[in-house]
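Here is a friendly walk through one protein model. Have the sequence and the 3D view open as you read.

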Amino acid sequence: MRLADLETSFSSIPTDEKFIIDTMAELYAERIKNNVSQQELAERIGMKQPQVAKLEMLESMPTLKTLNRYAKGLGLKLKVGIVPA
């Protein structure tokens, strides 16, 4: 896939879904940075490891509640802000 194709496909994603994708990417990066395994995170947040893997692969769009649960497992808290349109 060419970069232009990737940019076109990404630009077709609704803004609210981009927020969720970006947030999940940041949380995943934090998990890796802090050397926390999927299994360890799953145990911390009361999930099974395959569920965490599916979240990270965005096999389904996680809710804000699920993102916050993931963040909490890393000792983080989600902060949603409001900006001019």
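Helices (H or I, at least four residues) and strands (E, at least two) are DSSP runs, numbered from the N terminus. With that in hand, Leu58 can be placed in the loop between α4 and α5. This is a predicted model, in which local features need pLDDT of at least 70 and side-chain atom pairs count only at pLDDT 80 or more, while totals for chains, interfaces and linings use all residues. Residues are numbered from 1 along each chain as its sequence is written, and side-chain values use heavy atoms, with hydrogens and water left out.

**Helix α2**

Let us begin with α2, which covers residues 15-33. The expected span of a helix is 1.5 Å times one less than its number of residues. For the 19 residues of α2 that gives 27 Å, and the end C-alpha atoms are indeed 27 Å apart, so the two agree.

Which residues of α2 are buried? They are Ile20, Ile21, Thr23, Met24, Leu27 and Arg31; buried means under 20% relative accessible area, exposed over 50%, and partly exposed in between (1.4 Å probe, protein chains only). Looking down the axis of α2, these buried residues fall within an arc of 165 degrees, so they line one face of the helix. The arc is that of the directions from the helix axis to the C-beta atoms. On the face turned away from the buried side sit the exposed residues Thr15, Glu26 and Lys33. The buried residues of α2 pack against α3 (38-45), α4 (49-56) and α5 (64-73), where contact means heavy atoms within 4.5 Å.

**A pair of side chains**

Arg31 belongs to helix α2, and Glu56 belongs to helix α4. Their side chains are joined by a polar contact of 2.6 Å. A polar contact is a pair of N or O atoms within 3.5 Å; within protein, one must be able to donate a hydrogen and the other to accept it, and residues adjacent in sequence count only if both atoms are side-chain atoms. Not counting residues up to four places away in sequence, Arg31 also touches others, including Val36, Leu41 and Tyr70. With the corresponding neighbours left aside, the contacts of Glu56 include Met24, Tyr28 and Tyr70.

Here is how accessible four residues are:

| Residue | Relative accessible area | Class |
|---|---|---|
| Arg31 | 6% | buried |
| Glu56 | 14% | buried |
| Leu58 | 28% | partly exposed |
| Asn35 | 69% | exposed |

**Helices that cross**

The axes of α3 and α4 come within 8 Å and cross at roughly 105 degrees. That makes α3 roughly perpendicular to α4, a label for angles of 65 to 115 degrees (under 35 is roughly parallel, over 145 roughly antiparallel, the rest oblique). Axes are lines fitted to C-alpha atoms, for helices over the stretch in contact, and angles run from 0 to 180 degrees between N-to-C directions.

The axes of α3 and α5 come within 9 Å and cross at roughly 110 degrees. That makes α3 roughly perpendicular to α5 as well. Leu41, Arg44 and Ile45 of α3 make this contact with Arg69, Tyr70 and Gly73 of α5.

**Two loop residues**

Most residues other than glycine have a negative phi. Asn35, in the loop between α2 and α3, has a positive phi near 55 degrees. Leu58, just after α4, has a positive phi of about 50 degrees.
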